[in-house]
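Visitor: Could you take me in for a close look at one part of this structure? I'd like to hear how the helices sit against one another there and what fills the space between them.

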Amino acid sequence: MWTTLAPLIGVLLGGLMSMLAQRSSGRALERGEARRSVRELAEARRNERLTHLIAFLSAVQEAERVAVDRYHHNLADEQWQAQARQVLDRVWVTQKTIHVLCASEVSEAAHGLAWAVQEVIRKGPEDPGEPQDEKVWAHIRPSRQAFLDLVRDQLS
């Protein structure tokens, strides 16, 4: 009787060991896939945030040019006013997308930069002396630098 049971027990133990090995390797594969999926999603989200941050910086740069046109080149006609409204709208829309997609610290820094740009377009630089283009940039520089430093830290 033992001679017939021993091979059967061996077959059962071998099958059980094979099943456990397959199950273990399947779980390891699933965990690896899950980690890879999480990494890919994080990279996609980072790229999306980066795209919107660049769009915001582009809008801010355009707004700086509008402010320089106003206060250094003395433009204030209807065409300039329409351009100023349009660029400020773009600055604020892109700031809101940053609010939705990025950490609150980045959103607050973007808000501060958008506010500084809006303020310098509407009121001009604080110092009315020459040269006005440098005064415009000096007004925006602190909030721009704070935003850029924070974004660099968040993205690294």
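Guide: Let's fix one term before we go in: two residues are in contact when they have heavy atoms within 4.5 Å of each other. Also keep in mind that this is a predicted model.

With that, start at F147. Not counting residues up to four places away in sequence, F147 touches L53, F56, L57, I98, V106, A109, A110 and L113. F147 is also one of the residues that touch the most other members of the largest nonpolar core, along with F56, I98, V117 and I121. That core has 29 residues, and the elements giving two or more residues to it are α1 (2-71), α2, α3 and α4 (132-155). The top contributor is α1, with nine residues. As a broader point, nonpolar side chains in soluble globular proteins tend to be buried together.

Now for the helix pairs. Take α3 and α4: their axes are 9 Å apart and the packing angle is about 165 degrees. Angles over 145 degrees count as roughly antiparallel, so that is what α3 and α4 are to each other. The crossing of α3 past α4 is left-handed. On the α3 side the contact involves E105, V106, A109, A110, G112, L113, A116, V117, E119 and V120; α4 answers with V136, H139, I140, S143, R144, F147, L150, V151 and Q154. So F147 turns up here too, as part of the α4 side. Sorted by class, this contact has 12 nonpolar, four polar and three charged residues.

Next, look at helix α2 (residues 78-101) against helix α3 (residues 104-123). Their axes are 9 Å apart as well, and the angle is about 170 degrees, so α2 and α3 are also roughly antiparallel. From α2 come W80, A84, V87, L88, V91, W92, Q95, I98 and H99, and from α3 come V106, S107, A110, H111, A114, W115, V117, Q118, I121 and R122. By class, that is 13 nonpolar, five polar and one charged.

One of the residues in that list deserves a stop: Q95, which sits in helix α2. Its relative accessibility is 5%, so Q95 counts as buried. Setting aside neighbours within four places in sequence, Q95 is in contact with F56, S107, A110, H111 and A114. That brings us back to where we began, since F56 and A110 are on the contact list of F147 as well as that of Q95.

Technical notes:
Residues numbered from 1 in each chain as written. Predicted model: local features only at pLDDT ≥ 70, side-chain atom pairs only at ≥ 80, totals over all residues. Heavy atoms only, no water. Axes fitted to C-alpha atoms, helices over the stretch in contact; angles between N-to-C directions. Helix = DSSP H or I, 4+ residues; strand = E, 2+ residues; numbered from the N terminus. Parallel < 35°, antiparallel > 145°, perpendicular 65-115°, else oblique. Nonpolar A, V, L, I, M, F, W, Y, C, P; charged D, E, K, R; others polar. Core = buried A, V, L, I, M, F, W, Y, C linked by side-chain atoms within 4.5 Å. Buried < 20%, exposed > 50% of the residue type's maximum accessible area, 1.4 Å probe, protein only. Left-handed = near helix turned anticlockwise from the far one by under 90°.
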